[in-house]
Amino acid sequence: MTQAIVVRAFGGPEALEWSRIDLPRLKRNEVRVRHTAVGVNYIDVYDRTGLYPMPLPGILGREAAGVVEEAGKGVKTLAPGDRVAYVLSSPGSYAEARHVPADRVVRLPPEITDEQAAAMMLKGLTAQYLLRRTYKVREGDAVVIHAAAGGVGLLAVQWARHLGAHVIAVVGSDEKAALVREHGAQDAIVTSREDFVVRVREITGGKGVPVVYDSVGKDTFSGSLDCLRPLGLMVTYGNASGPVPPFSALELSRRGSLFLTRPTLFHYIASKGDLNRAARELFEVVGSGAVQVRIGQTYRLSDAAQAHRDLESRRTTGSTVLVP
């Protein structure tokens with residue numbers, strides 16, 4: 001038996017129940033990971049509300065760090081006692097322990113703490129593919145990053161600056177503007193009192209930017225398109241304000257033959273080789289200090305409902321971690 005946060009019906013944070021569960025029998029090529037830290041992400045809200053439907057009853061959570069307790073038959077690269085972390089496309093990490101396919105687990109180097117790993121597997125690997133593969137940021141590029149004080153955003157700000165980019169961070173308050181500037185953003189736009197499209201055009205001398213990274217969705221989508229220069233790339237990778245409504249593809253042509261993509265992390269780390277390469281690059285930039293994992297708040301795993309309330313009310317900054 002183990003304790004977990006269980007969802008029996010889609011709904012608000014009150015739908016999260018602290019319950020005892022039985023883990024299934026360990027399968028071939030799986031490991032049992034005893035969690036020491038669990039990451040919280042906005043995708044967990046989508047799962048909880050049913051925006052991304054999951055089988056019920058179900059357990060939230062896509063990422064965690066911990067220690068291998070047992071290795072199933074066929075597992076040759078991991079052993080009990082190994083410090084590991086993972087991110088999965090299927091939820092289930094809001095629990096004291098979980099069975100995980102061995103090829104989805106990465107070992108943690110000594111310089112990465114369990115809390116850091118839990119806070120950055122999904123968010124850090126997302127920043128990695130956004131900046132290094134979806135659009136390969138180069139020195140001198142001007143990039144717009146929405147929700148820049150959030151978990152992915154704050155990592156992306158630092159990493160983009162490390163790559164030599166001019167970072168234009170879009171945030172919702174002056175406090176968050178100060179935070180992103182502390183982490184390397186050259187410009188911070190506060191949407192509660194500034195028109196981000198106007199400001200981006202001012203900052204770039206009317207040219208626009210080659211790429212916009214937008215995790216907000218419905219409320220910022222059209223404006224983000226208007227921030228792009230001709231042939232620019234719109235990367236919409238989240239729906240914090242709701243999903244982007246249908247629109248005419250002619251809008252891309254009218255704004256300058258723009259490109260649009262809706263990427264997902266799990267396509268970028270589908271192979272073990274891609275996962276290992278991305279994780280290695282992430283651990284290197286964090287281990288070197290070039291990118292700092294800011295854990296803004298920590299909760300007990302049993303208090304996951306409060307973590308969700310704070311996340312949805314935008315009272316959080318950086319990454320959020322649950323501790324069993």
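In the predicted model, V235 stands opposite T261, a residue of strand β14. This pair belongs to the contact between β13 and β14 (residues 259–261), two strands that run in the parallel sense and are joined over 3 bridges. On another pairing of β13 (residues 228–236), strand β12 (residues 209–214) is likewise held in the parallel sense, here over 5 bridges, and within this arrangement D214 stands opposite T236 of β13. The connection between these two strands passes through helix α6 (residues 221–226), and β12, α6 and β13 together make a right-handed β-α-β unit.

These strands are part of an open sheet of 6 strands, which follow one another in the order β11-β10-β9-β12-β13-β14 with parallel pairing. The edges of the sheet are formed by β11 (187–190) and β14, each of which pairs on one side only, and from one strand to the next the twist averages 15°. Two helices that lie across the sheet can be described relative to the edge strand β11. Helix α4 (residues 174–182) lies across β10 (166–171) and β11, and its direction makes an angle of about 165° with β11. Helix α5 (residues 196–203) lies across β9 (142–145), β10, β11, β12 and β13, and runs at about 160° to β11.

Elsewhere in the model, helix α2 (residues 114–134) packs against helix α9 (residues 272–287) at an angle of about 105°, the two axes being 9 Å apart. Because angles from 65 to 115 degrees count as roughly perpendicular, α2 is described as roughly perpendicular to α9. On the side of α2, the contact is made by Q116, M120, M121, G124, L125, Q128, R132 and R133, while α9 contributes D274, L275, A278, A279, E281, L282, F283 and V286.

Side chains of opposite charge can pair when their charged atoms come close, and the structure holds 21 salt bridges. Among them is the pair formed by E17 and R8, whose closest N and O atoms are 2.7 Å apart. Both partners are partly exposed, since the relative accessible area of E17 is 32% and the relative accessibility of R8 is 44%, values that lie between the limits of 20% and 50%.

A salt bridge with an N to O distance of 2.7 Å also joins the side chains of E251 and R254. These two residues both lie in helix α7 (residues 250–254), where they are 3 residues apart, a separation of about one turn of the helix. E251, with a relative accessible area of 25%, is partly exposed, whereas R254, at 58% relative accessibility, counts as exposed because the limit for that class is over 50%.

In the salt bridge between R104 and D103, the side chains meet at 4.0 Å, N to O, a value that still qualifies because the criterion is a distance within 4 Å. The surroundings of the two residues fall into separate classes: R104 has a relative accessible area of 15% and is buried, because that class covers values under 20%, while D103, at 43% relative accessibility, counts as partly exposed. Beyond these pairs, D174, R193, E194, R199 and E202 are linked in a network of salt bridges.

Technical notes. Residues numbered from 1 in each chain as written. Predicted model: local features only at pLDDT ≥ 70, side-chain atom pairs only at ≥ 80, totals over all residues. Heavy atoms only, no water. Pairing = 2+ DSSP bridges. Helix = DSSP H or I, 4+ residues; strand = E, 2+ residues; numbered from the N terminus. Right-handed = clockwise from strand over helix to strand, strands pointing away. Buried < 20%, exposed > 50% of the residue type's maximum accessible area, 1.4 Å probe, protein only. Axes fitted to C-alpha atoms, helices over the stretch in contact; angles between N-to-C directions. Parallel < 35°, antiparallel > 145°, perpendicular 65-115°, else oblique. Contact = heavy atoms within 4.5 Å.
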